[in-house]
Amino acid sequence: MKETINKKPQMLEKEAEVTQLTEMLDSHQATMLINYRGISVKDDTELRVRMRSSGVKYLVTKNTLLKRACHNAGISSMDEFLQGTTSVAFSHDPVALAKVLGQFMKEFRKLEVKAGLLEGKALSAKQVDALAKLPSKEILLSQVLAGMQAPMSQFAGAASAMLRQIITVVDRIREQKEAV
C-alpha cells in the first residue's frame with residue numbers, strides 16, 4: 001500500500017494503461033499493430049467510426065507501454081514492430097478487423113499494418129492481408145452448411161431417380177399384362 005501512495009499520478013496512469021492493454025491482449029482473439037503516420041484527424045475519425053461499428057477497439061498508445069503489456073501477456077514476438085507511430089486494434093472477430101483495415105487502406109492508402117496477433121500467434125502484414133480477403137464468418141458458416149447439405153441432396157436426388165425408374169418399369173409391366 002505504501003508503494004501506491006509514494007508513486008506519482010503519471011506513473012499510476014501508465015501502470016493502469018499497461019494493465020488495461022494486457023487484459024485486452026489476453027481477452028481478444030486478434031490484435032493488429034498499425035502505422036498511422038500521415039493520417040489526418042478527419043481520416044482517423046472515420047477509421048475509428050468504422051472500427052467501432054465492427055466491434056473493434058482501436059487506440060493509440062506508447063510503444064513502451066504496449067511492449068510492457070505484451071511481455072506481461074507472454075508475447076515477445078511484437079518487440080521489433082513497436083517502433084515509430086503505432087496504434088493498436090483489438091477484436092474478437094479477426095476477419096472483421098482485417099476487413100475493416102483492408103478496406104480503409106484501399107480507400108485512403110495511408111495506413112500500414114505492421115503485424116498482428118491471432119490467438120497469441122504472430123502474423124506478418126501479408127498474413128493479415130490474406131485474412132482480410134477471407135469471406136465473413138456468416139458466409140463461411142453458410143458455405144460449410146451448404147457443403148454438408150450437398151451430399152444429402154444428391155442422395156435424395158439419386159433415390160428419387162431410382163424410384164422414378166422403378167415406377168416406370170412397373171408401369172410398363174402393367175401395360176404389357178393389360179395388352180395380353
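**Entry 1: Asn35**

I looked up Asn35 in this predicted model and asked whether it is buried or exposed. Its relative accessibility is 14%, and because buried means under 20%, Asn35 counts as buried. I then located Asn35 in the secondary structure and found it in strand E1.

Next I asked which residues Asn35 touches, leaving out those up to four places away in sequence. I noted Thr85, Lys110, Leu111, Glu112 and Lys114. With Thr85, the side chain of Asn35 also forms a polar contact, for which I recorded 2.7 Å.

**Entry 2: Helix H4**

I turned to helix H4, which runs over residues 63-72. Which of its residues are buried? I listed Asn63, Leu65, Leu66, Ala69 and Cys70. Viewed down the axis of H4, these buried residues fall within an arc of 160 degrees, so they line one face of the helix.

I also checked what covers the buried residues of H4. The cover includes helix H2 (9-27), together with strands E1 (30-35) and E3 (87-91). Strand E1 is thus an element that I had met already, as the place of Asn35.

Just after H4, I examined the backbone at Gly74 and noted a positive phi of about 80 degrees.

**Entry 3: Surface patch**

Finally, I looked at the surface and asked which residues make a nonpolar patch of about 290 Å². I identified Leu163, Ile166 and Val170 as its makers. For Ile166 I looked up the secondary structure as well, and I placed this residue in helix H7, which spans residues 137-179.

Note on methods:
Residues are numbered from 1 along each chain as its sequence is written. This is a predicted model: local features need pLDDT of at least 70, side-chain atom pairs count only at pLDDT 80 or more; totals for chains, interfaces and linings use all residues. Side-chain values use heavy atoms; hydrogens and water are left out. Buried means under 20% relative accessible area, exposed over 50%, partly exposed in between (1.4 Å probe, protein chains only). Helices (H or I, at least four residues) and strands (E, at least two) are DSSP runs, numbered from the N terminus. The arc is that of the directions from the helix axis to the C-beta atoms. Contact means heavy atoms within 4.5 Å. A polar contact is a pair of N or O atoms within 3.5 Å; within protein, one must be able to donate a hydrogen and the other to accept it, and residues adjacent in sequence count only if both atoms are side-chain atoms. Patches are made of residues with over 30% relative accessible area and no salt bridge: like charges are joined within 9 Å, nonpolar side chains (Val, Leu, Ile, Met, Phe, Trp, Tyr) within 5 Å. Accessible areas come from the Shrake-Rupley method with a 1.4 Å probe; for residues, only the protein chains shown count as cover. A salt bridge is a side-chain nitrogen of Lys or Arg within 4 Å of a carboxyl oxygen of Asp or Glu.
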